[in-house]
Amino acid sequence: MSVRELVVLGTASQVPTRHRNHNGYLLRWDGEGILFDPGEGTQRQMLRAGVAAHDLNRICVTHFHGDHSLGLAGVIQRVNLDKVPHEVTAHYPRSGQRFFERLRYATAYRETVTLTEAPVDADGPLARTPGYTLEARRLSHPVEAYGYRLVEPDGRRMLPGRLAAHGITGPDVGRLQREGSLDGVTLEEVSEVRRGQRFAFVMDTRLCDGVYALAEGCDMLVIESTFLDEDEALAVEFGHLTAGQAARVAREAGVRHLVLTHFSQRYTDPEEFERQARAAGYGGELTVARDLERVALPKRR
């Protein structure tokens, strides 16, 4: 049975707190696991969340500030210690190649796993699999940063009434799906387009074209909201978003489930992020992320 969910490993911004670890997010997408922005302490958070090194197929780093990348060393070494049997691919800004290499080889260990480096240096597709296309878009932050987006290919939804009208039942339904036609009846006549799911991950950034391109039409948008709206000047200065800005992006982009995260340690009331997001007009599903929380992707439309 396929599983699509976000496992939240950490939600703090630059400074962790007693209740919030540095960043870390695992997206379970059917049989694959994509780890985003493993900050310091991610390996231990994986243990607490029941996430194994064997679950990882890709690692996606948005940028090389410590709260988004210092956990790379431990995660990479754990993947090798556990002798993960499949290839693991790492995506990160090419301009941070020296940081990736330092973290990958921070200490001595035995390499047992194929870790493929696939740095990002432009907007566009990074990988295509049968289950999704992984894309990147440039963000606006003091250091080079990219957001990531998964797009599932569109499929077909069978329409029982039309199948019945043509007398197609049982194994013939599967045959029609595989072959595209059956006894003069085409797949298009008895089905409709089922839009593939879309997921986006947007971390440290000001408002920019890349944010909107990543968020457009997403079933789930995981997005930083470091500051509350009253501190918008600080957000602009340091290259971040407020809760209201993130919610307005989600509203305008038609996002179904908004996940706010990456909170400054200056705030102690997480409910205020939800209040400001709702005040900005976002009416969809909303999660103010907590460490070790699991958030299921919405069901297909």
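# A tour from V15 to three helices

Select V15: its relative accessibility is 35%, so V15 counts as partly exposed (buried means under 20% relative accessible area, exposed over 50%, partly exposed in between, with a 1.4 Å probe and protein chains only). The model is predicted, so local features need pLDDT of at least 70 and side-chain atom pairs count only at pLDDT 80 or more, while totals for chains, interfaces and linings use all residues. Residues are numbered from 1 along each chain as its sequence is written, and side-chain values use heavy atoms, with hydrogens and water left out.

**Around V15.** V15 sits in the loop between strand 1 (4-10) and strand 2 (24-29). Helices (H or I, at least four residues) and strands (E, at least two) are DSSP runs, numbered from the N terminus. Add S264 to the selection: 249 residues separate V15 and S264 along the chain, and their C-alpha atoms are 7.4 Å apart. Next show H22 and Q265, which V15 contacts when its neighbours within four places in sequence are left aside. Contact means heavy atoms within 4.5 Å.

**The whole chain.** Zoom out. The protein chain has ten helices and 18 strands. Its radius of gyration is 21 Å, close to the 19 Å that the globule rule gives for 301 residues, so the chain is as compact as a globular protein of that length. That radius is taken over C-alpha atoms, and the rule is 2.2 Å times the number of residues to the power 0.38. The C-alpha trace spans about 65 × 50 × 35 Å along its principal axes. Of the 301 residues, 54% count as buried. Of the contacts between residues at least 6 apart in sequence, 66% join residues at least 24 apart.

**Helix 10.** Select residues 271-279. Which residues of helix 10 are buried? They are F273, Q276 and A277. These cover an arc of only 105° around the axis, which puts them on the same side of helix 10; the arc is that of the directions from the helix axis to the C-beta atoms. An α-helix has 3.6 residues a turn, so residues three or four places apart point the same way. Turn to the other side of helix 10 to find E271 and A279, which are exposed. The buried residues pack against helix 9 (243-253), strand 16 (257-261) and strand 17 (285-288). Just after helix 10, G281 has a positive phi of about 100°.

**Helix 9.** Move to residues 243-253. Eight of the eleven residues of helix 9 are buried, so the helix is largely enclosed by the rest of the structure. The buried residues are A243, G244, Q245, A246, A247, V249, A250 and A253. To see what covers them, show helix 7 (209-215), strand 15 (220-224), helix 8 (232-238), strand 16 and helix 10, which are included in that cover. G254, just after helix 9, takes a positive phi of about 75°.

**Helix 6.** Finish at residues 171-179, where V173, G174 and L176 are buried. Look down the axis of helix 6: its buried residues fall within an arc of 160°, so they line one face of the helix. P171, R178 and E179 are exposed on the other side. The cover over the buried residues of helix 6 includes strand 10 (155-158), helix 5 (160-165), strand 11 (181-182) and strand 12 (185-186). The last stop is G180, just after helix 6, with a positive phi of about 90°.
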